[in-house]
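Please open the model in your viewer and keep the sequence at hand, since this tour moves from one selection to the next. The stops are charged side chains and the partners they meet.

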Amino acid sequence: MIRVAKMSVNSRNIKHSASVIFFHGSGDTGPNVLEWVRFLLGRNMEFSHIKVIYPTAPLQKYTPLNGELSTVWFDRRSVNIAAQETKKSMSQCYEIVHQLIQEEVAQGIPLNRIIVGGFSMGGALALHTGYHLNTGLAGVFAHSSFLNRQSVVYESLETRPPNSVQLPELRMFHGERDTLVPIEWGQESFESLQKLGVTGTFKPLKNTLHELKKSSLIEIEQWILEKLPPLESDVQNKL
């Protein structure tokens, strides 16, 4: 079993009935994303009945940095939508995702009460998680992210059996001035997913580079509450 470092936010440490897993971008860490979110919102992204988990990727060689060690979810040949995915590296990060989700399931959280999301590379991992590994999740969000054109995610969706469970709803956000991951890559990924049955929205962000924004985080929070409302047991816990 791979040990995954993670931080979580759970209001008042009461029993949670839903979970959100927030994957960071390349070279970052879970604690850094938690602080970034806190800085933008002026508070934690926090819910009375939902645990928000910020895992940290393992340190590994990263080809776009000439093989230097970096905290990345997976290796890739280059940061380009036309590049091929590195299947061996992807399969290793799938083990981490499986472990994170199974830890929540073991605590009584069903798949349809789990949302995954992330920033940049973390958003790409969330897309793999929701549309290749666990299509029964409650939702997926991806900020400043894209999928490679020949992604295994598209292959999975193309070969889904008819009458399968409804795919998770998708929320994508992308800065119009993003020079690291051009908005066209995000838009193309969203449209490709739509053609394969994914429903959701893609929101361009004006005057935004490769970054999270307060406005998009607030929208993500509101959407999370819509997808993961409190259960009757959560209300009783408050009494």
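Is Glu221 buried or exposed? In this predicted model, Glu221 is buried, with a relative accessible area of 8%. Keep Glu221 selected and add Arg43, because the side chains of these two residues meet in a salt bridge, with 2.8 Å from N to O, and Arg43 counts as partly exposed at 38% relative accessibility. Glu221 belongs to helix H6 (residues 214-227), while Arg43 sits in the loop between H1 and strand E3 (50-55), so the pair ties together parts that are 178 residues apart in sequence.

Next, select Lys227 together with Glu169, whose side chains meet in a salt bridge of 2.9 Å, again N to O. This pair also links distant parts of the chain, with Glu169 in strand E8 (residues 169-175) and Lys227 in helix H6, 58 residues apart. Lys227 counts as partly exposed, at 29% relative accessibility. Add Arg171 to the selection, and you have a network of salt bridges that links Glu169, Arg171 and Lys227.

For the last stop, go to helix H1 (residues 30-41) and select Glu35 and Arg38, which are 3 residues apart in that helix and are therefore separated by about one helical turn. Their side chains meet in a salt bridge, at 2.6 Å from N to O. Glu35 is partly exposed, with a relative accessible area of 41%, and Arg38 is likewise partly exposed, with 31%.

The pairs visited here are among the 7 salt bridges that the structure holds.

Note on methods: Residues are numbered from 1 along each chain as its sequence is written. This is a predicted model: local features need pLDDT of at least 70, side-chain atom pairs count only at pLDDT 80 or more; totals for chains, interfaces and linings use all residues. Side-chain values use heavy atoms; hydrogens and water are left out. A salt bridge is a side-chain nitrogen of Lys or Arg within 4 Å of a carboxyl oxygen of Asp or Glu. Helices (H or I, at least four residues) and strands (E, at least two) are DSSP runs, numbered from the N terminus. Buried means under 20% relative accessible area, exposed over 50%, partly exposed in between (1.4 Å probe, protein chains only).
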